[in-house]
Amino acid sequence: VIKCKAAVAWEAGKPLSVEEVEVAPPKAHEVRIKIVATAVCHTDAYTLSGADPEGCFPVILGHEGAGIVESVGEGVTKVKPGDTVIPLYIPQCGECKFCKNPKTNLCQKIRITQGKGLMPDGTSRFTCKGKQIYHFMGTSTFSEYTVVADISVAKIDPAAPLDKVCLLGCGISTGYGAAVNTAKVEPGSTCAVFGLGGVGLAVIMGCKTAGASRIIGIDLNKEKYAKAKEFGATECISPQDFKKPIQEVLVEMTDGGVDYSFECIGNVGVMRSALEACHKGWGVSVIVGVAAAGQEISTRPFQLVTGRTWKGTAFGGWKSVDSVPKLVTDYMSKKIKVDEFVTHTLPFDKINEAFELMHTGK
């Protein structure tokens with residue numbers, strides 16, 4: 001058993017508490033990882049807020065991390081102690097019907113236990129002050145050591161800087177993949193990206209890589225426009241600057257609508273706007289943001305009858321074990337940006353400040 005520091009969420013709506021926790025050794029087909037760097041994501045904040053129907057407390061949150069394998073359980077063959085890895089919240093077992101189908105990346109092998117905050121055998125590897133602590137998204141990267149299933153880990157280039165590539169564990173991969181895998185943006189096309197946070201910037205990067213000729217960024221926070229343009233946005237607009245709905249503005253700006261739109265916020269009203277901003281006959285709108293529990297999307301069916309397509313994406317459609325190492329390689333060979341997404345680097349003890357910075361859009 002390893003004793004180390006972890007940021008524990010004891011209950012919903014309260015700040016995280018940095019505690020000493022016990023991390024049990026890995027069981028069969030499990031891997032214990034020393035986490036070197038972790039990022040914060042809106043999904044962590046969503047669960048912490050209490051709005052997540054799958055949220056269990058007390059829990060160790062975090063799902064964008066990178067580290068070094070400390071030890072492995074029985075039967076683990078793909079990684080060994082000392083390997084550099086990224087934990088994966090969408091695993092890839094290679095055996096289930098989802099893994100065998102090229103159309104999806106949604107491996108279901110450990111979905112049920114992962115959703116309950118437990119390891120595949122139905123137990124936890126974390127304890128604190130004599131209490132069992134739940135796992136989160138199968139990763140729990142807000143701990144100096146974590147235990148994950150062996151199908152939830154990608155072995156990456158040991159030369160990669162872990163304080164940067166941890167972002168490939170969720171946000172960058174999700175946005176970039178939404179453009180290149182899910183939408184399959186084509187050269188010369190016009191795109192609209194709603195929400196210019198980390199995921200939105202990654203979508204812009206994907207649209208640019210795919211050869212889009214016009215990329216319109218949409219956000220209420222104008223401080224985000226300069227960064228969006230750095231990533232490839234050709235122009236940025238705020239819905240507050242117009243008297244009419246933003247979809248009407250976009251349809252007028254683009255001679256009938258955009259070819260591809262992306263919702264990167266998790267707001268069901270914006271999801272509707274994104275669909276209705278698409279061009280009749282061929283427009284494709286991709287939902288990337290995660291809406292709160294119980295919310296529903298709506299539009300007039302005529303929007304779809306007249307040739308628009310509504311899609312969703314999880315982790316950008318990447319088959320995780322296969323794709324994450326390649327994304328790291330693409331970053332190392334300067335094909336994709338990662339460093340530019342990092343705005344602040346804080347010591348672990350200041351994790352609550354990181355959440356505050358995220359909530360203020362900084």
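Is Y89 buried or exposed? Select this tyrosine to begin the tour, keeping in mind that the model on the screen is a predicted one. Y89 has a relative accessible area of 15%, and because buried means under 20%, Y89 counts as buried.

With Y89 still selected, add F315, since these two residues form one of the 4 aromatic pairs that the structure holds. The rings of Y89 and F315 are arranged edge-to-face, with 5.5 Å from centre to centre and 75° between the planes. The two partners come from distant parts of the chain, 226 residues apart: Y89 sits in the loop between strand 6 (84–87) and helix 2 (97–100), while F315 sits in the loop between strand 16 (309–312) and helix 11 (320–332). F315 is buried as well, with a relative accessible area of 3%.

Next, select W318 together with Y176, which form an aromatic pair that is stacked, with the centres 6.2 Å apart and 15° between the planes. Y176 belongs to helix 5 (residues 171–183) and W318 to the loop between strand 16 and helix 11, so this pair ties together parts that lie 142 residues apart in sequence. Both Y176 and W318 are buried.

From here, turn to a charge beside a ring by selecting F231 and K337, where K337 lies over the face of F231 at 5.6 Å from the ring centre.

The rest of the tour concerns salt bridges, of which a search of the whole structure finds 16. Select R214 and E235, whose closest N and O atoms are 2.9 Å apart in a salt bridge. This pair again links distant parts of the chain, with R214 in strand 12 (residues 214–218) and E235 in strand 13 (residues 235–237), 21 residues apart. R214 is partly exposed, with a relative accessible area of 23%, and E235 is partly exposed too, at 22%.

Now move to helix 9 (residues 268–276) and select E276 and R272, which both lie in this helix, 4 residues apart, or about one turn. Their side chains meet in a salt bridge with an N to O distance of 2.8 Å. E276 counts as buried at 14% relative accessibility, whereas R272 is partly exposed, with a relative accessible area of 27%.

After that, select K27, E30, D121 and R125 as a group, which salt bridges with shared partners join into one network.

For the last stop, select K164 and D163, whose side chains meet in a salt bridge of 3.3 Å, N to O. D163 counts as partly exposed, at 39% relative accessibility.

Note on methods
Residues numbered from 1 in each chain as written. Predicted model: local features only at pLDDT ≥ 70, side-chain atom pairs only at ≥ 80, totals over all residues. Heavy atoms only, no water. Phe/Tyr/Trp six-rings, centres within 6.5 Å; stacked < 30°, edge-to-face > 60°. Helix = DSSP H or I, 4+ residues; strand = E, 2+ residues; numbered from the N terminus. Buried < 20%, exposed > 50% of the residue type's maximum accessible area, 1.4 Å probe, protein only. Lys NZ or Arg CZ within 6 Å of the ring centre and 35° of its normal. Salt bridge = Lys/Arg side-chain N within 4 Å of Asp/Glu carboxyl O.
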